[in-house]
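Trainee: Could you walk me through the aromatic rings in this one? I'd like to see how each label is earned.

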Amino acid sequence: MKRAVVIGATGQIGRPVVGALVRDGWEVTAASRGGGRDGAWPDEVRAVRLDREDDTALAAVAGDGCDLVVDIVAHGARHARQLTSLAGRVGSAVVISSVSVYEDDKGRGFDTQAEPGGFPEYPVPIPETQRTVAPGESTYSTKKVALEQELLAAGDRLPTTVLRAGAVYGPHCRMPRELYFVKRNLDGRGRRVLAYGGGSRFHPVSVHTLAELIRLAAARPGSRVLNACDDEAPTVAEIAAAIDAVMGVETETVLADGPPPAPSVGDTPWSVAAPVVCDMSAARRELGDRPVARYAETLPETVEWIERRLAGRDWREAYPEMFGAYGDLFDYAAEDAWLGTK
């Protein structure tokens with residue numbers, strides 16, 4: 001039986017990845033910091049504790065004769081070198097990167113988006129050949145590029161598929177973007193404002209899409225980098241409507257042209273000044289066609305999971321990371337003041 005190790009197995013992406021590999025006939029070791037397991041995994045899944053920074057522990061978990069390592073949490077050149085040190089003992093790897101690595105033709109990327117005029121204007125859709133930011137250790141994006149370059153340079157020793165994930169959604173997310181609309185609905189907000197005419201597109205990817213791409217890449221090892229997103233990129237207005245439909249509510253949408261008209265008004269975790277939409281043709285060509293699930297079809301489990309987490313709890317306690325990043329988006333006083341002028 002083929003043997004796989006999944007690093008970061010109890011995270012949002014890792015849980016369905018373990019399940020997908022098991023269903024495909026892999027013997028899976030699920031490695032995580034806590035060593036826990038998901039209730040949906042079959043008993044034959046081996047769950048182990050792993051400190052991702054411990055080179056010796058990582059080598060011990062991989063052992064000898066491991067066919068596949070899936071690394072969901074790697075970032076930076078050091079983690080890449082950890083993986084490439086296993087060459088000869090590991091057949092191939094699949095590693096998660098991010099679409100945030102891309103840079104537009106004016107040198108703008110995710111790291112410059114908060115600057116005046118700093119939001120990147122990418123081609124639509126973005127191919128994998130689009131330039132990236134320079135590798136480094138200063139930001140999440142530069143670390144991901146360093147990770148990618150080290151892994152691809154060692155492709156003759158350890159064939160690695162690098163998957164550049166979009167805006168990930170699914171249960172068990174610490175910062176679910178969908179919380180924005182779910183919480184508004186639970187708070188009884190009957191009107192919402194959407195900047196950029198509600199047309200912003202920030203390409204999402206379901207955890208199930210990622211799990212399927214990883215399963216296919218494991219069956220077809222190679223040294224390559226591929227975009228990893230759903231096959232559709234809905235607008236923020238379409239996302240809001242889909243969440244309303246799942247929750248059975250109706251909301252009036254007020255569209256604002258251009259950027260947010262006031263601080264925290266009309267902004268959302270998907271609101272971007274220019275589209276971020278990835279080309280998925282290379283993934284289909286390299287990995288083959290797969291069943292396509294649309295955003296609205298995979299959304300209900302995410303909404304239901306968020307609602308369960310919020311039940312009887314303050315949202316800041318349930319999602320502290322989300323509060324730190326997006327807490328000002330729930331400033332309803334600012335929104336009400338702006339709507340009062342309309």
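Mentor: Sure. Rings of Phe, Tyr and Trp pair if their centres lie within 6.5 Å. This is a predicted model, and by that rule it has ten aromatic pairs.

Trainee: Why is the pair of Trp305 and Tyr319 called edge-to-face?

Mentor: The centres are 6.1 Å apart, within the 6.5 Å limit. The planes stand at 70° and over 60 degrees counts as edge-to-face, so that's the label.

Trainee: Where do Trp305 and Tyr319 sit along the chain?

Mentor: Trp305 is in helix 9 (residues 295-310), while Tyr319 is in the loop between helix 10 (315-318) and helix 11 (320-326). They're 14 residues apart, and the pair links distant parts of the chain.

Trainee: Are Trp305 and Tyr319 buried or exposed?

Mentor: Buried means under 20% relative accessible area. Trp305 has 10% and Tyr319 has 0%, so Trp305 is buried and so is Tyr319.

Trainee: What makes Trp315 and Phe323 a pair, and of which kind?

Mentor: Their centres are 5.5 Å apart, with the planes at 75°. That angle is over 60 degrees, so this pair is edge-to-face.

Trainee: Why is Trp315 called buried and Phe323 partly exposed?

Mentor: Trp315 has 10% relative accessibility, so it counts as buried. Phe323 has 40%, and partly exposed runs between 20% and 50%, so that name fits Phe323.

Trainee: Which residues do ring pairs link into a cluster?

Mentor: Tyr180, Phe181, Trp270, Trp315, Phe323 and Phe330.

How values were computed: Residues numbered from 1 in each chain as written. Predicted model: local features only at pLDDT ≥ 70, side-chain atom pairs only at ≥ 80, totals over all residues. Heavy atoms only, no water. Phe/Tyr/Trp six-rings, centres within 6.5 Å; stacked < 30°, edge-to-face > 60°. Helix = DSSP H or I, 4+ residues; strand = E, 2+ residues; numbered from the N terminus. Buried < 20%, exposed > 50% of the residue type's maximum accessible area, 1.4 Å probe, protein only.
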